[in-house]
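This report covers the fold, surface and charged side-chain pairs of one protein. The sequence and structure come first.

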Amino acid sequence: MTRGNQRDRDRERAQAKSSKKGSQNKDDGLTPEQRRERDAKALQEKAAKKAAQAAGGGDAGGKSSNKK
């Protein structure tokens, strides 16, 4: 056994990291229906913002639409 306790420490680190990530999304206290409504509203706002930028001619995304 050449690695000593490195394997165990790596497992502990990975477990702590994954548990920290998982708790961020599920700790909002919303039901699945409320979460769907919130996400749909956010998507609508994002689409409206993008449409307003396209209508205004602003190119804040940094992408060029010039084709040669």
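A salt bridge here is a side-chain nitrogen of Lys or Arg within 4 Å of a carboxyl oxygen of Asp or Glu. By this rule the protein has 4 salt bridges. The model is predicted.

## Overall structure

The secondary structure consists of 2 helices and 0 strands. The protein has 68 residues, of which buried residues make up 0%. Its exposed surface comes to about 6,800 Å², with carbon and sulfur atoms supplying 50% of that area.

## Salt bridges in helix α1

Helix α1 covers residues 6–26 and holds both Asp8 and Arg11. Their side chains meet in a salt bridge, with an N to O distance of 3.8 Å. That distance falls under the cut-off, which is 4 Å. Asp8 is partly exposed at 40% relative accessibility, whereas Arg11, at 53%, counts as exposed. Because the boundary for exposed is over 50%, Arg11 at 53% passes it and Asp8 at 40% does not.

A second pair in helix α1 is Asp10 and Arg13. The closest N and O atoms of their salt bridge are 3.2 Å apart. Asp10 has a relative accessible area of 30% and is therefore partly exposed; Arg13, at 52%, counts as exposed.

What spacing along the helix do these pairs have? Asp8 and Arg11 are 3 residues apart, about one turn of the helix, and Asp10 and Arg13 are also 3 residues apart, again about one turn. An α-helix has 3.6 residues a turn, so residues three or four places apart point the same way.

## Glu33 and Arg36 in helix α2

Glu33 lies in helix α2, which runs over residues 32–56. Its side chain makes a polar contact with the side chain of Arg36 at 2.7 Å. The Glu33 and Arg36 pair also counts as a salt bridge, the closest N and O atoms being 2.7 Å apart.

Why are Glu33 and Arg36 separated by about one helical turn? The two residues are 3 residues apart in helix α2, so about one turn separates them. Glu33 itself is partly exposed, with a relative accessible area of 43%. This value places Glu33 between the two limits, because buried means under 20% and exposed means over 50%.

## Length and end of helix α2

Helix α2 has 25 residues, and at 1.5 Å a residue it should span 36 Å. The expected span is 1.5 Å times one less than the number of residues. The end C-alpha atoms of α2 are 36 Å apart, so the distance in the model agrees with the expected span.

After α2 comes Gly57. The phi of Gly57 is positive, near 85°.

Terms used: Residues are numbered from 1 along each chain as its sequence is written. This is a predicted model: local features need pLDDT of at least 70, side-chain atom pairs count only at pLDDT 80 or more; totals for chains, interfaces and linings use all residues. Side-chain values use heavy atoms; hydrogens and water are left out. Helices (H or I, at least four residues) and strands (E, at least two) are DSSP runs, numbered from the N terminus. Buried means under 20% relative accessible area, exposed over 50%, partly exposed in between (1.4 Å probe, protein chains only). Accessible areas come from the Shrake-Rupley method with a 1.4 Å probe; for residues, only the protein chains shown count as cover. A polar contact is a pair of N or O atoms within 3.5 Å; within protein, one must be able to donate a hydrogen and the other to accept it, and residues adjacent in sequence count only if both atoms are side-chain atoms.
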